[in-house]
Amino acid sequence: MEKRLVTFGCSNTYGYELEDPDLQAWPVKLGQLLNYKHKTINNGVPGASNKLIWGNALRFDYGKKDVVVCMWSYLSRWTRLRDPKTSLSGVWGNGIACDDSRHSKNVMKSQFGENGWELNRNYFETWEEYDALLELVLYANHMHEFLKVQNIPSYHIWIGGGPSEVTWEKWQNKWIGNLAKTELDDRFKPYFQPDINFMQYDLHHSKRFIDEANDNMHIGPKSHMLVANDIARWISKCG
């Protein structure tokens, strides 16, 4: 088919720590399964928050025959979006992936400079799961409508909370892993656009996370192939 697959997401879309993401990551496998002629564009960014995924998808230069898949990321990640025309780094946005106690003030400093912690601590100390879920709905709805008016079909997948969600434990003064319930229950269904293609997909389920990448943390090549097959079947059902 004369189509091009364009994907957005975090490291799970990028194919982080695979031997060859350009050949093994699920976006390229999905493009092959869908029999799209043009080379898949993988816009996955390791550490990306949902806000950064939205920002990157918003600013992409689409073609008339593109098909978009957004794999939305973990709720606890946050990004301060910067104007690429004025930012000294030239970066559209900075993602913070605070996955466990190894990521703390030093991560803030490396991402945002000497005052990085003070710039960002308010977000994490006041973080609420419900608020983050509503933001996820907002980003997905907007990209759906933004692309629909351009006649570009889009598919939206959320990988769930997973083991990388975090909370700020004030009494311990550090980041810790939090396996709190993070799922879109019936409360959120009325908030989605009625014609959006949205699927919650637990990427960390044992039936999908069947092998590991080189870092022993991210999904491996067999898992990426499995994910591509699952998404291809879902897209075919969506029509």
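**Entry 1: helix α8.** I looked up which residues of α8 are buried and found S223, H224, V227, A228, D230, I231, A232, W234 and I235. I note that the model is predicted. I then asked what these buried residues pack against: the partners are α1 (11-14), α2 (21-24), α3 (26-33), β3 (66-72), β6 (154-158) and β9 (198-200). In an α-helix there are 3.6 residues a turn, so residues three or four places apart point the same way.

**Entry 2: length and end of α8.** I checked the span of α8, which runs over residues 221-238. At 1.5 Å a residue, its 18 residues should span 26 Å, and the end C-alpha atoms are 26 Å apart, so the two values agree. After α8 comes G239, and I recorded its phi as positive, near 85°.

**Entry 3: aromatic pairs.** I counted nine aromatic pairs, taking ring centres within 6.5 Å as the cut-off. For F8 and Y62, the ring centres are 6.3 Å apart and the planes meet at 65°, so I entered this pair as edge-to-face. F8 belongs to strand β1 (residues 4-9), while Y62 is in the loop between α4 (50-59) and β3; the pair therefore ties together parts 54 residues apart in sequence. I found F8 buried, at a relative accessible area of 1%, and Y62 buried as well, at 13%.

I turned next to F192 and F198, whose ring centres are 4.5 Å apart with planes at 40°, so this pair is tilted. F192 counts as buried at 15% relative accessibility. I also noted that ring pairs join F8, F60 and Y62 in a cluster.

**Entry 4: a charge over a ring.** I located R208 over the face of Y201, at 4.0 Å from the ring centre.

Note on methods
Residues numbered from 1 in each chain as written. Predicted model: local features only at pLDDT ≥ 70, side-chain atom pairs only at ≥ 80, totals over all residues. Heavy atoms only, no water. Helix = DSSP H or I, 4+ residues; strand = E, 2+ residues; numbered from the N terminus. Expected span 1.5 Å × (residues − 1). Buried < 20%, exposed > 50% of the residue type's maximum accessible area, 1.4 Å probe, protein only. Contact = heavy atoms within 4.5 Å. Phe/Tyr/Trp six-rings, centres within 6.5 Å; stacked < 30°, edge-to-face > 60°. Lys NZ or Arg CZ within 6 Å of the ring centre and 35° of its normal.
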